[in-house]
Amino acid sequence: MSIKAKLNRVVRQWMDEELEKTEEAWAGNGAVDLDDVDDYKDIHYDQLEQAVESLQQNQQWEVKGLADELVSQHSLPVEKGSSDYGRLCRELLRAKVELLQEEIRRLDGDFQPRPAVAAPSAISSLPSVPVVAP
């Protein structure tokens, strides 16, 4: 398995675990007032805005602690400062955005599974050829 695939797998697993933690917390809370749900959504929207900004500005320092934890926890062959470490941090920045979007969606009551992203087809990955008019 390539390092890119390993990093993606670890990040996806982290996201799934975080979503499960949220579900466990909700399961233990009992009934929640709609005003409280709105408050949670407001907090998540603020966090999402910050996460998007961190991603746009590639503020990898925001996730370095988490990256270090995942490297250690999963024995990833990634050294700090390497391009693979930068890729892991970048993937974590993206994952934080996706995670917050998913939690907001769930707060809105939408629990429909999201379609998996399909790999590009062989045709779409071929180089484009210029069209020459007759």
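**Note on a predicted four-helix model**

1. The second largest pocket has a lining made up of L19, T22, E23, W26, Y40, H44, E103, R106, L107, G109 and F111. The elements that contribute two or more residues to this lining are α1, α2 (34-56) and α4, and α1 gives the most, with four residues. By class, the lining residues divide into five nonpolar, three polar and three charged, and the space within the pocket comes to about 180 Å³. These values, like those below, refer to a predicted model.

2. As for the overall architecture, the secondary structure of the protein amounts to four helices and zero strands, and the order of elements from the N terminus on is α-α-α-α. Of the 134 residues in the protein, 28% are buried. Among the contacts with a separation of 6 or more, 75% are between residues 24 or more positions apart.

3. Helix α1 covers residues 3-29, and its length can be checked against expectation: because 1.5 Å is allowed for each residue, its 27 residues should span 39 Å, and the C-alpha atoms at its ends are indeed 39 Å apart, which agrees. After α1 comes G30, which has a positive phi, near 80°.

4. Which residues of α1 are buried? They are L7, V10, V11, W14, M15 and L19, and what covers them includes α3 (64-73) and α4 (83-107). For the spacing of such positions along a helix, it is useful to recall that an α-helix has 3.6 residues a turn, so residues three or four places apart point the same way. L19 is on the list of buried residues of α1, and L19 also belongs to the lining of the second largest pocket.

5. The largest nonpolar core holds 26 residues, of which W14, A67, L70, L76, V78, L88 and L92 touch the most other members. Each of α1, α2, α3 and α4 supplies at least two residues of this core, with α4 giving the most, 10 residues.

6. Two of these core residues deserve a closer look. Leaving aside residues up to four places away in sequence, L70 touches V10, W14, S75, L76 and L92. L88, which is placed in helix α4, touches L7, V11, A67 and V71 when residues up to four places away in sequence are again not counted. L88 has 0% relative accessibility and therefore counts as buried, the cut-off being under 20%. Although L88 and K4 are 84 residues apart in sequence, their C-alpha atoms are 8.5 Å apart in space.

7. Two backbone positions should be inspected by anyone reviewing the loops. Most residues other than glycine have a negative phi. N58, which is not a glycine, nevertheless has a positive phi of about 50°, and N58 is found in the loop between α2 and α3. With a relative accessibility of 35%, N58 counts as partly exposed.

8. The second such position is S75, a residue other than glycine whose phi is positive and near 50°. S75 is placed in the loop between α3 and α4, and because its relative accessibility is 62%, S75 counts as exposed, the cut-off being over 50%. S75 is nonetheless one of the residues that L70 touches.

Definitions and conventions
Residues are numbered from 1 along each chain as its sequence is written. This is a predicted model: local features need pLDDT of at least 70, side-chain atom pairs count only at pLDDT 80 or more; totals for chains, interfaces and linings use all residues. Side-chain values use heavy atoms; hydrogens and water are left out. The expected span of a helix is 1.5 Å times one less than its number of residues. Buried means under 20% relative accessible area, exposed over 50%, partly exposed in between (1.4 Å probe, protein chains only). Contact means heavy atoms within 4.5 Å. On a 1 Å grid over the protein atoms alone, a cavity is a set of points where a 1.4 Å probe fits but cannot get out, and a pocket is an open set with protein on both sides within 12 Å along at least five of seven lines; lining residues have an atom within 4 Å of a point. Grid points are joined across faces, edges and corners, and a volume is the space filled by probe spheres set on the points. Ala, Val, Leu, Ile, Met, Phe, Trp, Tyr, Cys and Pro count as nonpolar, Asp, Glu, Lys and Arg as charged, and the others, Gly among them, as polar. A nonpolar core is a set of buried Ala, Val, Leu, Ile, Met, Phe, Trp, Tyr and Cys residues joined through side-chain atoms within 4.5 Å.
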